[in-house]
Amino acid sequence: FGMINYIVTAFAKPGHELPVTRFYQDLEPLLREAKGYRGRKILRARPGVMEAEVRRVTPPEQLKGHAHVEGPAGVHFVIVEQWDSVSDRVAFSRGASAARTKELFPHLLPQHSHEVYEDVTST
């Protein structure tokens, strides 16, 4: 397989985005010591920015019939990690980060996902 992409999506409860940000930032020293870790990005949504711009540049008659679907009320996070293997990521989850994860849960909404993704970008 080569390198794998492990992607986490989560929603911070309203007003809890800073503790969630710090949690993921503070994992970096543990990650750097983990076998198979290659790097990551922590992405935090800026709620409403895209919708406001679309509304600014789109005539109201074009917006009719395109209902805006509200997602969870919190701030969306996407964490994209690169690892040598799935087993390396699972070992990290069950080891170094396991004790810290309980610190995160009080700040999250229930909607979340974590999975390994393959890159199917057309070249």
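The chain has a radius of gyration of 18 Å, whereas a compact globule of 123 residues would have one near 14 Å. The model is predicted. Along its principal axes, the C-alpha trace spans about 55 × 40 × 20 Å. Of the 123 residues in the chain, 29% are buried. The exposed surface comes to about 8,600 Å², and carbon and sulfur atoms supply 57% of it.

**Overall layout**

Six helices and four strands make up the secondary structure of the chain. In sequence order they follow the pattern β-α-α-β-α-α-β-α-α-β. Contacts between residues at least 6 apart in sequence include many that reach further: 87% of them join residues at least 24 apart.

**Strand 1 and its neighbours**

Strand 1 covers residues 4–12, and nine of its nine residues are buried. Both of its faces are covered. One side carries Ile-4, Tyr-6, Val-8, Ala-10 and Ala-12, and the other carries Asn-5, Ile-7, Thr-9 and Phe-11.

Strand 1 pairs with strand 3 (residues 75–83) in the antiparallel sense, over nine bridges. Within this pairing, Ile-4 of strand 1 has Trp-83 as its bridge partner in strand 3. Strand 1 also runs antiparallel to strand 4 (residues 108–117), and seven bridges join the two. Here Thr-9 is matched with Ser-113 in strand 4 as its bridge partner.

**Helix 5**

Helix 5 spans residues 86–94. Its buried residues are Asp-88, Arg-89 and Phe-92. Seen down the helix axis, these residues fall within an arc of 100°, so they line one face of helix 5. An α-helix has 3.6 residues a turn, so residues three or four places apart point the same way. On the other side of helix 5, Ser-87 and Arg-94 are exposed. The buried residues of helix 5 pack against strand 1, helix 2, strand 3 and helix 6.

Ala-96 sits in the loop between helix 5 and helix 6. Ala-96 is partly exposed, at 40% relative accessible area. Its C-alpha lies 9.5 Å from that of Glu-33, although the two residues are 63 residues apart in sequence.

**Salt bridges**

The whole structure contains eight salt bridges. Three of them are listed here with the distance between the closest N and O atoms.

| Pair | Closest N and O atoms |
|---|---|
| Lys-35 and Asp-88 | 3.0 Å |
| Glu-51 and Arg-55 | 3.0 Å |
| Arg-100 and Glu-103 | 3.2 Å |

Lys-35 forms a salt bridge with Asp-88, with the closest N and O atoms 3.0 Å apart. Lys-35 lies in the loop between helix 2 (28–33) and strand 2 (37–44), and Asp-88 lies in helix 5, so the pair ties together parts that are 53 residues apart in sequence. The two partners differ in their surroundings: Lys-35 is exposed, with a relative accessible area of 64%, whereas Asp-88 counts as buried at 8%. Asp-88 is also one of the buried residues of helix 5.

The salt bridge between Glu-51 and Arg-55 is set within helix 3 (residues 49–57). These two residues are four apart, which places them about one helical turn from each other. Glu-51 is partly exposed at 29% relative accessible area, and Arg-55 is partly exposed at 48%.

The salt bridge between Arg-100 and Glu-103 is set within helix 6 (residues 98–104). Arg-100 and Glu-103 are three residues apart and are likewise separated by about one helical turn. Arg-100 has a relative accessibility of 18% and counts as buried, because the cut-off for buried is under 20%. Glu-103 is partly exposed, with a relative accessible area of 42%. Elsewhere, Glu-28, Arg-32 and Arg-40 are joined into one network by salt bridges that share partners.

Terms used. Residues are numbered from 1 along each chain as its sequence is written. This is a predicted model: local features need pLDDT of at least 70, side-chain atom pairs count only at pLDDT 80 or more; totals for chains, interfaces and linings use all residues. Side-chain values use heavy atoms; hydrogens and water are left out. Buried means under 20% relative accessible area, exposed over 50%, partly exposed in between (1.4 Å probe, protein chains only). Two strands pair if DSSP finds at least two bridges between them. A salt bridge is a side-chain nitrogen of Lys or Arg within 4 Å of a carboxyl oxygen of Asp or Glu. The radius of gyration is taken over C-alpha atoms; the globule rule is 2.2 Å times the number of residues to the power 0.38. Contact means heavy atoms within 4.5 Å. Accessible areas come from the Shrake-Rupley method with a 1.4 Å probe; for residues, only the protein chains shown count as cover. The arc is that of the directions from the helix axis to the C-beta atoms.
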